[in-house]
Amino acid sequence: MQERLQKIIATAGIASRRKAEEMITQGRVMVNGPVVRELGSKADLENDHIKVDGKLLSQPGRRVTLLLNKPIGVISSVSDPQKRQTVVSLVRGIKERVYPVGRLDYQSSGLLLLTNDGDLANHMMARASAVPRTYHVKLEGSPDSKALAKLEQGIVLDGQRTAPCQIRALVQASRRGNPGSSGKPWYEITLVEGRYHQVRRMFERIGCAVVKLKRVRIAFLTDHGLAPGRYRQLTPDEVTRLKHWKGNSAAAK
Ligand code: URA
């Protein structure tokens, strides 16, 4: 695919686009032999030989994004000094190195993206993208509707107001099975930001400890058909949809 040279150089991680433009005008970039100094010039990394400072640019590696259903008792990182099991160790048969996008607490379970696609990771983590994440939580104690409304409107955590969010009670199952079999209430909460221990700290603020926490949705992705400890690769279409996701950023302010 033909693309502007500065974009190719930036995507290869050599420099920012602005810096790449400078490199081009300084005569440090060659395409199929000759130096190219024009900023509008295009090339195709698959078919053209592009050299920057004499070094040939190679094809970027395959981009991989996985949706994992993290079990409780697994740490959301690549390695752990305490030798606890990591989310990355659950991935087998994928030769690319992938990294968790954000984190779920050790005692939390549910959906976590793992990727080697920096653009996707940045987009998912950016506050302005306002990508919604939905959690099911089991609470110690029953919050009253006034307290829940307060959380929905936003509370101050670490000196900064949380974005508006949605909370609803989940219907309790009367017999065996979850949610609700222990008599403790379950709630669903949807946030468009991901601050440190945010869900747990929000409910603690109204006097309700979270005793279980499971992330059940990220944007349009659900845990449907994904048992704990299992993962699947996202389709190119799903990755594109996530990369273009633009939620209500007013809610994220
Ligand atoms: N909020 C929390 O408090 N913990 C998680 O694991 C995820 C969101």
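Which helix or strand supplies the largest share of the lining of the largest pocket? Keep that in mind as you look around this predicted model.

**Stop one: the pocket.** Start by selecting Arg103, Gly194, Arg195, Tyr196 and His197, which lie nearest the centre of the largest pocket among its 30 lining residues. The space here comes to about 630 Å³. Now colour the lining by residue class: you should find 15 nonpolar residues, six polar and nine charged.

Next, select helix H3 (118-125), strand S9 (133-140), helix H5 (198-205) and strand S14 (209-218), since each of these supplies at least two residues of the lining. The opening question is settled by H5, whose three residues make up the largest share.

**Stop two: a helix pair.** Keep H3 selected and add helix H6, residues 236-243. Look along the two axes: they come within 9 Å and cross at roughly 45°. An angle between 35 and 65 degrees falls outside the parallel and perpendicular ranges, so H3 and H6 count as oblique to each other. The crossing of H3 and H6 is left-handed.

**Stop three: a small group of strands.** Move on to strand S2 (29-31) and strand S5 (55-56), then add strand S4, residues 50-52. Together they form an open sheet of three strands, ordered S2-S4-S5 and paired antiparallel. S2 and S5 stand at the edges with a single partner strand each, so one side of each has no neighbour in the sheet.

Zoom in on S4 and S5, where two bridges join the strands in the antiparallel sense. To see one of the bridge pairings, pick Val52 and its partner in S5, Lys55.

Terms used. Residues are numbered from 1 along each chain as its sequence is written. This is a predicted model: local features need pLDDT of at least 70, side-chain atom pairs count only at pLDDT 80 or more; totals for chains, interfaces and linings use all residues. Side-chain values use heavy atoms; hydrogens and water are left out. On a 1 Å grid over the protein atoms alone, a cavity is a set of points where a 1.4 Å probe fits but cannot get out, and a pocket is an open set with protein on both sides within 12 Å along at least five of seven lines; lining residues have an atom within 4 Å of a point. Grid points are joined across faces, edges and corners, and a volume is the space filled by probe spheres set on the points. Helices (H or I, at least four residues) and strands (E, at least two) are DSSP runs, numbered from the N terminus. Ala, Val, Leu, Ile, Met, Phe, Trp, Tyr, Cys and Pro count as nonpolar, Asp, Glu, Lys and Arg as charged, and the others, Gly among them, as polar. Two strands pair if DSSP finds at least two bridges between them. Axes are lines fitted to C-alpha atoms, for helices over the stretch in contact, and angles run from 0 to 180 degrees between N-to-C directions. Angles under 35 degrees count as roughly parallel, over 145 as roughly antiparallel, 65 to 115 as roughly perpendicular and the rest as oblique. A crossing is left-handed if the near helix is turned anticlockwise from the far one by less than a right angle, and right-handed if clockwise.
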